[in-house]
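Please look through the structure below with its helices, its nonpolar interior and its loops in mind. The report that follows takes these topics one at a time.

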Amino acid sequence: MTDCADCPEARRRSKPRWVAPRREIPLSGILNVDKPPGMTSHDVVDEIRCLAGQRKVGHAGTLDPMATGVLLVCLGPATRVAEYLMQGRKRYLATIVLGTTTDTFDADGAIVSSGGASDFSYSEIEAALTRFVGHIEQVPPMYSAVKREGQPLYKLARQGKTIERAPRPVQIDAIDLLDWTAPTLSIEVACSAGTYIRSLAHDLGQQLGGGAYLDALVRLSSGRFALEDATSLERLAEAFEHGQETRYLLPLDEAFFDWPAAVVGTEAARRIVHGQAVTLADSLGSEGGGIMARAYDLEGTFLAILSHDPKSGQWQPKKVFAP
């Protein structure tokens, strides 16, 4: 067993996880990882690069170091579907502390103020939370990866700079208050991609008047991928070491299982893999708003994702995966 320069987590341990030799034929697929606390999303990617023995690995949707839960990691050709995985709706379990604020809006930051009001009734908390359900606008926190003139805001924040940020529209489908024992409350949030739960915690504190920060966060699901199906890094390391990684490696087309599917004949398959538009059954166009679909050949090989052109009525390959 050798150490790996790409594995910051392995370097922090006296006994690094198993590191694979460089792989000639890269793996392709999606891993549903239960991210541990204390690691960045990039740390997780680096460690899986070592486990898989390949460079082409990426994640779909950043989690802060303090956060845990579902982190989707794409290997090989599956990195091309990361942008679609990021668009999936999210569910979070969040713990918020009232009466105190931090500069990062979470428990990893320095305390800015304390001693604020936190003696609210259960009904007052519920009423305040309902104001954040629906289409709302959020201002991204300074400690975030949002870029200004090519530079992440968190780098500017570390220099003591505060930059005016434009609010961004997000959709919060539901907020369920699970527990309230002053000064701490637990909520479950269902929301769109791009929602900052740290900002939600901060804004709730502003709404109530005493301040607040995010104390803990668990991502329960991202799109169709749920925490109960996620795998720990320890279990993944053991699987890779024994050549059993395919137990946890999901096919890249699982990113689109909620989309309508078309099985096409030989000629249509040939056109699709060459990037040419095809005509499909009218019933397919009516499903899912007739916007996107996945295409397979007669042998079940995943060919491409297709985009519907309402003017021509045809389906244009958007990304081709079959050789």
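The sections below describe two helices, the nonpolar cores, a pocket and some details of the backbone.

## Helix α7 and its covering

The model is a predicted one, and a convenient place to begin reading it is helix α7, which runs over residues 233–241 and has Leu 233, Leu 236, Ala 237, Ala 239 and Phe 240 as its buried residues. Viewed down the axis of α7, these buried residues fall within an arc of 165°, so they line one face of the helix. An α-helix has 3.6 residues a turn, so residues three or four places apart point the same way.

The covering over the buried residues of α7 includes strand β1 (29–35) and helix α2 (41–52). Just after α7 in the chain comes Gly 243, whose phi is positive, at about 70°.

## Helix α4

In helix α4, which spans residues 122–130, the buried residues are Ile 125, Ala 128 and Leu 129. They cover an arc of only 100° around the axis, which puts them on the same side of α4. The partners against which the buried residues of α4 pack are the strands β4 (90–98), β10 and β11, together with helix α6 (197–208).

## Two nonpolar cores

The largest nonpolar core has 50 residues, and those with the most contacts inside it are Leu 31, Ile 48 and Ile 187. If residues up to four places away in sequence are left out, Ile 48 touches Leu 31, Val 33, Val 57, Val 73, Leu 75, Leu 233 and Leu 236. Two of these partners, Leu 233 and Leu 236, are among the buried residues of α7.

A second core, separate from this one, has 19 residues, including Leu 85, Phe 225, Leu 252 and Phe 321.

## The second largest pocket

The second largest pocket holds about 220 Å³ of space. Among the residues that line this pocket are Tyr 84, Arg 224, Asp 258 and Trp 259, and also Leu 85 and Phe 225, both of which belong to the second core. By type, the lining of this pocket divides into 6 nonpolar, 4 polar and 2 charged residues.

## Backbone details in two loops

The peptide bond that leads from Ala 182 to Pro 183 is cis, with omega near 10°, and Pro 183 lies in the loop between β10 (168–181) and β11 (184–191).

Phe 105, in the loop between β5 (101–102) and β6 (111–113), has a phi near 70°, which is a positive value in a residue other than glycine. Phe 105 has a relative accessible area of 13%, and since buried means under 20%, this residue counts as buried.

Technical notes:
Residues are numbered from 1 along each chain as its sequence is written. This is a predicted model: local features need pLDDT of at least 70, side-chain atom pairs count only at pLDDT 80 or more; totals for chains, interfaces and linings use all residues. Side-chain values use heavy atoms; hydrogens and water are left out. Buried means under 20% relative accessible area, exposed over 50%, partly exposed in between (1.4 Å probe, protein chains only). Helices (H or I, at least four residues) and strands (E, at least two) are DSSP runs, numbered from the N terminus. The arc is that of the directions from the helix axis to the C-beta atoms. Contact means heavy atoms within 4.5 Å. On a 1 Å grid over the protein atoms alone, a cavity is a set of points where a 1.4 Å probe fits but cannot get out, and a pocket is an open set with protein on both sides within 12 Å along at least five of seven lines; lining residues have an atom within 4 Å of a point. Grid points are joined across faces, edges and corners, and a volume is the space filled by probe spheres set on the points. Ala, Val, Leu, Ile, Met, Phe, Trp, Tyr, Cys and Pro count as nonpolar, Asp, Glu, Lys and Arg as charged, and the others, Gly among them, as polar. A nonpolar core is a set of buried Ala, Val, Leu, Ile, Met, Phe, Trp, Tyr and Cys residues joined through side-chain atoms within 4.5 Å.
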